[in-house]
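Me: Got a minute to go through a model with me? I'd like to talk about how it packs.

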Amino acid sequence: MNGKDYKIEVENLDTWFGNKHILKDITCYFEDKCVTAVMGPSGCGKSTLLRTINRLNDMIGDFRMRGKIWIEGENIYGSQADVYGLRKKVGMVFQRPNPFPMSVKDNITYGPKLHGTSDEDELEEIVEQSLKKAALWDEVKDNLGHPAPNLSGGQQQRLCIARALSVNPPVLLMDEPVSSLDPLSASKIEDLIINLKKEYTIILVTHNVQQAFRVSDRAAFLYLGELVEFDKTSRIAEAPEDERTEAFITGRIG
Ligand code: ADP
Ligand code: MG
């Protein structure tokens, strides 16, 4: 790997919390305009991988890593790395919707304002486009000033997706984005993810095999911190190579 072939490349990544070795020699990549699912049982390191790709573990005192991660050719842990710029390249959506305690509109304009956009017309355009991309515009366009925490759970999560898209990042990381939602809201967001991949590089963390199979083009199966299998989702679904993968997708583990 040299950082140049794929949108995101991960090479020989090891991570630790204290002396607990979490991710073990992970090498994989994430293609543009593609959904890659990272699946595996609870505790196998899925969130750690996602957070390492976004440098969100940096603040955790006993976190250590070894290896390389490139995003759009930039070594994000290199000495020249621009962590502030990384925030514009990578949007993140978490398991529990976490709207800021402010209006729908202010949730969306927060990032663009922080990154220097102050023109009111431009901000309004960003609000409309981001909410449209997140399939929420029609439901909230008449109530942009209402408090975001008053939205339903599914709407809050779509708002968080819109907020992540507001600075137009090429990469979207989603950590179990529907597991706290009802089935109807969840399926709306699955459809949305499939639609968004036309424009973005999406990594979807999920412990739900069926969801990974429905939504993703490629899949990584993590088990106890090891990357057991990494390939086209259809190949893994039809003919898993490793018995641990087979056990996971048939529901015998996880
Ligand atoms: P997953 O998302 O697959 O459920 P995680 O990446 O959250 O797994 O966790 C992987 C392992 O790392 C677990 O054993 C978990 O307890 C541990 N871990 C996660 N975050 C921390 C932390 N901040 N400090 C110490 N251990 C952690
Ligand atoms: Mg997790």
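Me: Before we get to the helices, what makes a crossing left-handed or right-handed?

Reply: Look at how the near helix is turned from the far one: anticlockwise by less than a right angle is left-handed, and clockwise is right-handed. Keep in mind that this is a predicted model.

Me: OK, so which hand is the crossing where helix 4 passes helix 6?

Reply: Right-handed. The two axes come within 8 Å and cross at roughly 125°. That angle makes helix 4 oblique to helix 6, because it falls outside the ranges for roughly perpendicular (65 to 115 degrees) and roughly antiparallel (over 145).

Me: Which residues make the contact?

Reply: Helix 4 brings Ser130, Leu131 and Lys133, and helix 6 brings Leu159, Ala162 and Leu165. By type, the residues of that contact are 4 nonpolar, 1 polar and 1 charged.

Me: Now the core. How many residues are in the largest nonpolar one, and which have the most contacts inside it?

Reply: It has 31 residues, and Leu131 and Ile161 have the most contacts inside it. At least two residues each come from helix 3 (104–114), helix 4 (120–133), helix 5 (137–140), helix 6 (153–165), strand 7 (171–175), helix 7 (183–196) and strand 8 (201–206).

Me: What does Ile161 touch, leaving aside neighbours within four places in sequence?

Reply: Val93, Ala134, Met174, Ile189, Leu192 and Leu196.

Me: And what's in the second core?

Reply: That one is separate and has 28 residues, including Phe30, Leu50, Ile76 and Met92. In soluble globular proteins, nonpolar side chains tend to be buried together.

Me: Back to helix 3. Which of its residues are buried?

Reply: Val104, Asn107, Ile108, Thr109, Gly111 and Pro112. The buried residues of helix 3 pack against helix 4, helix 5 and helix 6.

Me: Thr109 caught my eye there. Which residues does Thr109 touch, not counting those up to four places away in sequence?

Reply: Leu123 and Val127. Thr109 counts as buried because its relative accessibility is 2%, and the cut-off is under 20%.

Me: Different spot: where is Phe63?

Reply: In strand 4, which covers residues 63–71. Phe63 has a relative accessible area of 11%, so it is buried. Leaving aside neighbours within four places in sequence, Phe63 is in contact with Thr15, Trp16, Phe17, Thr52 and Asn57.

Me: How far apart are Phe63 and Phe17, in sequence and in space?

Reply: They are 46 residues apart in sequence, and 4.6 Å apart in space, C-alpha to C-alpha.

Me: Last topic, backbone angles. What's phi for Ala135?

Reply: Positive, about 55°, although Ala135 is not a glycine. Ala135 sits in the loop between helix 4 and helix 5. With a relative accessible area of 44%, Ala135 is partly exposed.

Me: And Glu176, buried or exposed?

Reply: Buried, with a relative accessible area of 10%. Glu176 is in the loop between strand 7 and helix 7, and its phi is near 45°, another positive value in a residue other than glycine.

Me: What about phi for Gly116?

Reply: Gly116 comes just after helix 3 and takes a positive phi of about 105°.

How values were computed:
Residues are numbered from 1 along each chain as its sequence is written. Chains are lettered from A and ligands numbered from 1 in the order in which they are written. This is a predicted model: local features need pLDDT of at least 70, side-chain atom pairs count only at pLDDT 80 or more; totals for chains, interfaces and linings use all residues. Side-chain values use heavy atoms; hydrogens and water are left out. A nonpolar core is a set of buried Ala, Val, Leu, Ile, Met, Phe, Trp, Tyr and Cys residues joined through side-chain atoms within 4.5 Å. Buried means under 20% relative accessible area, exposed over 50%, partly exposed in between (1.4 Å probe, protein chains only). Helices (H or I, at least four residues) and strands (E, at least two) are DSSP runs, numbered from the N terminus. Contact means heavy atoms within 4.5 Å. Axes are lines fitted to C-alpha atoms, for helices over the stretch in contact, and angles run from 0 to 180 degrees between N-to-C directions. Angles under 35 degrees count as roughly parallel, over 145 as roughly antiparallel, 65 to 115 as roughly perpendicular and the rest as oblique. Ala, Val, Leu, Ile, Met, Phe, Trp, Tyr, Cys and Pro count as nonpolar, Asp, Glu, Lys and Arg as charged, and the others, Gly among them, as polar.
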